[in-house]
Amino acid sequence: MKERLVIIGAGGHGKVIADIAMKMGYQHIVFLDDKACGSVMGLPVIGKSQEAPACNDGNTEFFLAIGDGGTRRRIAQQYPLPYATLIHPSAQIGYGVSIGEGTAVMAGAVINPMAQIGKHCIINTCAVAEHDNIIGDYSHLSPGALLAGTVHIGRECHIGIGASVKNNICICSHCVIGAGAAVVKNIEERGVYIGVPARKKE
């Protein structure tokens, strides 16, 4: 962990990221944001997102605090910076878990043994990724989302708040699983899925 963290995005997600970073012991935390100015949570907003490369001084890490997975992907590809992996102290991380750069694991989340979490993912408050899960880059498990064992989630997926996924299920990339939905069959076509059991929204 380096001394300084630059958080790109000073909205609600950025506030949660800053809180995790403070709890992890970062001493100097600043924001870049295209709209906000002044300070957020008492932390300075020092410029806009395009100024990120100029902040890369060798003693700084970065974090993309942006909710949309596609936007995170575009910025990460545009700015290949040293991105931090942030894990809240109350999260439970099992044996053999791998977590990619730029991913945040939030308060109360559980990632059980041998799960693989990709780059720039969000494992939100009290989400559960059970044993042997594979979560693709830029995906988001919303608060309270529950993934049973050996679930495979593709890239840039959004699993809604309180949604659940049965064990041994595969969900292809670029899918949205609505809040409270229950996925009990493989999903092989990108789209938005809602309901119990989850069905594609027309």
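## A walk through the model, starting at a proline

P197 sits in the loop that links β23 and β24. This is a predicted model, and in it the peptide bond between V196 and P197 is cis, with omega at about -5°. The two strands on either side of this loop are partners: β23 (residues 191–194) and β24 run antiparallel and are joined by two bridges. One residue pair to look for is I194 and R199, since R199 in β24 is the bridge partner of I194.

From here you can step out to the whole sheet. β23 and β24 belong to an open sheet of eight strands, ordered β6-β9-β12-β15-β18-β21-β23-β24, with mixed pairing. The edges are held by β6 (86–87) and β24 (199–200); each has a single partner strand, so one side of each is left without a neighbour in the sheet.

Several loops attached to strands of this sheet are worth a stop. Begin with H120, in the loop between β11 (116–117) and β12 (122–123). Is H120 buried or exposed? Its relative accessible area is 2%, and because buried means under 20%, H120 counts as buried. Its surroundings can be listed too: setting aside neighbours within four places in sequence, H120 is in contact with L64, R72, A76, Y83, E101, G102, T103, Y138 and S139.

On the other side of β12 comes C126, in the loop between β12 and β13 (128–129). Its backbone deserves a look: C126 is not a glycine, yet its phi is positive, at about 60°. C126 is partly exposed, with a relative accessible area of 43%.

H174 tells a similar backbone story. Although H174 is not a glycine, its phi is positive, about 60°. You will find H174 in the loop between β20 (170–171) and β21 (175–177), where it is partly exposed with a relative accessible area of 31%.

Now travel back towards the N terminus, to helix α1, which covers residues 12–24. Does its length come out longer, shorter or as expected for a helix of 13 residues? At 1.5 Å a residue the span should be 18 Å, and the end C-alpha atoms of α1 are 19 Å apart, which agrees. The buried residues of α1 are H13, G14, I17, A18, I20 and A21. Looking down the axis of α1, these buried residues fall within an arc of 165°, so they line one face of the helix. The spacing behind such a pattern is a general one: an α-helix has 3.6 residues a turn, so residues three or four places apart point the same way. After α1 comes G25, with a positive phi near 105°.

Beyond G25 lies another set of paired strands. Strand β2 (residues 28–32) pairs with strand β4 (residues 43–47) in the parallel sense, over two bridges. Within this pairing, F31 stands opposite V45 in β4. β4 also pairs with strand β3 (residues 39–40), this time in the antiparallel sense and again over two bridges. Here V40 stands opposite L43 in β4. β3 and β4 make a hairpin with two residues between the strands, and in that hairpin M41 takes a positive phi near 55°.

Conventions
Residues are numbered from 1 along each chain as its sequence is written. This is a predicted model: local features need pLDDT of at least 70, side-chain atom pairs count only at pLDDT 80 or more; totals for chains, interfaces and linings use all residues. Side-chain values use heavy atoms; hydrogens and water are left out. Helices (H or I, at least four residues) and strands (E, at least two) are DSSP runs, numbered from the N terminus. The expected span of a helix is 1.5 Å times one less than its number of residues. Buried means under 20% relative accessible area, exposed over 50%, partly exposed in between (1.4 Å probe, protein chains only). The arc is that of the directions from the helix axis to the C-beta atoms. Two strands pair if DSSP finds at least two bridges between them. Contact means heavy atoms within 4.5 Å.
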